[in-house]
Amino acid sequence: MEKIVEVKNLELSFHTFAGEVKAIQGVNFEVYKGETLAIVGESGSGKSVTTKSIMRLLPKSSTEYKNGEILFGGKDLLKISEKEMQKVRGKDISMIFQDPMTSLNPTMTIGNQIMEPLLKHQKLSKTDARKKSIELLTLVGMPKPEMRMKQYPHQFSGGQRQRIVIAVALACNPKLLIADEPTTALDVTIQAQILELMKDLQKKIDTSIIFITHDLGVVANVADRVAVMYGGRIVEVGTVDEVFYNPQHPYTWGLLSSMPSLDATEEKLYAIPGTPPDLLDPPKGDAFALRSEYAMKIDMEQVPPLFKVSETHYAATWLLHPDAPQVDPPVAVIERMKRFPGSRYYEGNAGGVR
Amino acid sequence: MAKYITKRVIYMFLSLFLIASFTFVLMKLLPGSPLASAAKLSIEEREVVYEKYGLNDPIPVQYARYMGNLAKGDFGVSFQYKNADVTTLIVKKLKYSAILGAQALIFGTLIGIILGMIAALKQNTVWDYGSTIIAILGISIPSFVFAVLLQYVFSVWLGWLPVGLWEGWKSSILPSIALAMGPIAIAARFIRTEMIEVLSSDYILLAKAKGANWFEIAFKHAFRNALIPLITVLGPVAAGLLTGSLVVEQIFAIPGIGEQFVKSISSNDFAVIMGTTMFFSVFLIVIILIVDILYGVIDPRIRLSGGSK
């Protein structure tokens, strides 16, 4: 399959008054044509920073790219000039942000905001750009698009605004769409509509999506593959089925156990103990070790490499080392693994995947 | 919108009525009379003049007569300029003040906005500090110090421009620059603060993500959103400038309304003081109304009440 974007060994720090924050410490992943890669993780795990660095949208004054490359269309996006980058933004890669209430310009008609990338990148005439914008608004399910073009953002609801942001993002048929928690600020029914819309549009214009979220339910709904981030690193990556039904990293176990479920056997919802690591002074070894009941001595000393579970599934935990002891994951995770052919808890045709 | 403006105009007249009444009372409380300095007049002659202008009537009667005339647009006559009509006098003087004020306002706001934009776009660089220093100087150094400095450098030393008096447009340059220091400082500070805030907002990030360059981000996306607070403070500043500056006009010997106002107070020229106050009030109130309408033009979220869109 064709790789759309490939992030190689990305290392990045922020310089703050308190010191150097090692926000990203060696991240590798790739996105294939037409797929949706979900990046999950808690606040501060580096998911937004990783994707903003693809777009080079991080504040220049405080960000230092220490290492790595971001390959897109044969070019390293970290090396090209700002001018060249402006031609990539909005045309080849575009972005949807978390809060639709604040991501549209309050003093500009939405028509002008949708037309902007069309006029800039596709060099359309004003009449053509207007026509295309009306098409886009229709595409994202906005009723009466001609009338709506002349209105301002405050005349739209949150869900409608996110549809407009999506229309802006898709205006130039981007190869890659980065959605940074696009449904987090919306209520649940609107969330479902926006997710449906995105899935639908992805098929229509054949774009790849990086979907950032902390909502595992959303991941299961939209993603083809999942990357789990923790403390500035990717700790586990695999297809949705692999990560949901055959997770290997204790952090992924924790995440899945803390997901509310209707057939839960325990009364109390699990919560991962402790707090995320302080990236001003990142812990030695596996960043999750201090919160993990499965931590071994080596976890405190050395950062685990990504161990291969299958062709598509990798996890960074010493538990996968051939010399590691066999441990049992939490009950909720075992329940899941029972349904995954190839896991050691598989119980035949008891349920089947998903 | 029409309903809103009608309502505002009614309030405007109400405010003017109150201002006129209040000033009238204050004037009557002032010691002395317009003729106090006219030593040549005998007591009998004075009585004749007082009688002629109705100054011997009870104060409520004077008040009613004055307000009645005011409603007809008649401000009365000046005591210090031999029966000169106050309206004609003010309009003649106001011309000079308005030219100075308008020039100072336009020049000052433009320079201030440019300085503020540079400071915000190049935050925490030499450019930013330079612009901030100019703004602080503009606010803290009084305009008469600038006025004297400008006179010394450009008139006395270089001899490029006249020191004072009104000898055509050239005479307006130095006083206008002296008056512009205030608006420069105000505009620079407000635009800087507001631009920095706007530039860190989500929609600017989205504009960047659309591929906009710095110029489009600064002017197409950010500038309009940063204007509102500036418009608010510039309204009263504009009214103040257009109706003349007491000090700067005095220093440059410009025959403007500010100079006239000072003269009238010291000679107790009751009608001119009242007239000038009313002119100033009308200016201020009209400008505040314009500012309120401008809000809606700049920011579509600010809808003027009155039901219609």
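**Group meeting: two sheets, a contact and a kinked helix**

Okay, let's start with one residue: A:Lys123 comes after helix α3(A), and its phi is positive, near 55°. Keep in mind that this is a predicted model.

So what about α3(A) itself? This helix has twelve residues and reaches 18 Å from its first C-alpha to its last, close to the 16 Å expected at 1.5 Å a residue. Ten of those twelve residues are buried, so α3(A) is largely enclosed by the rest of the structure. Among the buried ones you'll find A:Ile110, A:Met115, A:Pro117 and A:Leu118, and also A:Glu116, A:Lys120 and A:His121. What do they pack against? The buried residues of α3(A) pack against α4 (126-139), α5 (145-148) and α6 (158-170) of chain A.

Now, the contact between the chains. It takes 24 residues from chain A and 17 residues from chain B. On the side of chain A that touches chain B, the elements giving two or more residues are α2 (82-88), β6 and α3 (110-121) of chain A. Which one gives the largest share? That's α3(A) again, with four residues. If you're wondering about chemistry, the residues on that side of chain A divide into nine nonpolar, nine polar and six charged.

Next up, the sheets in chain A. There's an open sheet of four strands, in the order β2-β1-β4-β5, with antiparallel pairing. At the edges stand β2 and β5 (75-76) of chain A, each with a single partner strand, so one side of each is left without a neighbour in the sheet.

Let's walk through that one. β1 (residues 3-16) and β2 (residues 19-32) of chain A pair in the antiparallel sense over ten bridges, and these two strands form a hairpin with two residues between them. β1(A) also pairs with β4 (residues 63-72) of chain A, antiparallel again, over eight bridges. A good residue to click on is A:Val7. Its bridge partner in β2(A) is A:Phe29, and in β4(A) A:Val7 stands opposite A:Ile70. Further along, A:Ser13 has A:Glu64 as its bridge partner in β4(A).

The other sheet I want to show is an open one of eight strands, ordered β6-β7-β8-β3-β9-β10-β12-β11 in chain A, and here the pairing is mixed. Its edges are β6 (93-96) and β11 (307-308) of chain A, each with a single partner strand, so one side of each has no neighbour in the sheet. Inside this sheet, β7 (residues 176-180) and β8 (residues 208-213) of chain A run parallel and are joined by five bridges. As an example, A:Asp180 stands opposite A:Ile212 in β8(A).

Then there's helix α1 (residues 47-55) of chain A. Which strands does α1(A) lie across? From the eight-stranded sheet, they are β3 (36-40), β6, β7, β8 and β9 (225-230) of chain A, with the helix running at about 145° to β7(A). α1(A) also lies across β1, β2 and β4 of chain A, at about 110° to β1(A).

Last stop, chain B. Helix α7 (residues 170-199) of chain B has 30 residues and reaches 40 Å from its first C-alpha to its last, close to the 44 Å expected at 1.5 Å a residue. Where is the kink in α7(B)? At B:Ala180, with a bend of about 35°, shortly before the proline B:Pro183. And α7(B) is mostly covered, with 24 of its 30 residues buried.

Notes. Residues are numbered from 1 along each chain as its sequence is written. Chains are lettered from A and ligands numbered from 1 in the order in which they are written. This is a predicted model: local features need pLDDT of at least 70, side-chain atom pairs count only at pLDDT 80 or more; totals for chains, interfaces and linings use all residues. The expected span of a helix is 1.5 Å times one less than its number of residues. The bend at a residue is the angle between axes fitted to the seven residues ending there and the seven starting there. A residue is buried if 20 or more other C-beta atoms lie within 10 Å of its own, exposed if 12 or fewer, and partly exposed in between; C-beta atoms are placed from the backbone. Two strands pair if DSSP finds at least two bridges between them. Two residues are in contact if their C-beta atoms, placed from the backbone, lie within 7 Å. Axes are lines fitted to C-alpha atoms, for helices over the stretch in contact, and angles run from 0 to 180 degrees between N-to-C directions. Ala, Val, Leu, Ile, Met, Phe, Trp, Tyr, Cys and Pro count as nonpolar, Asp, Glu, Lys and Arg as charged, and the others, Gly among them, as polar.
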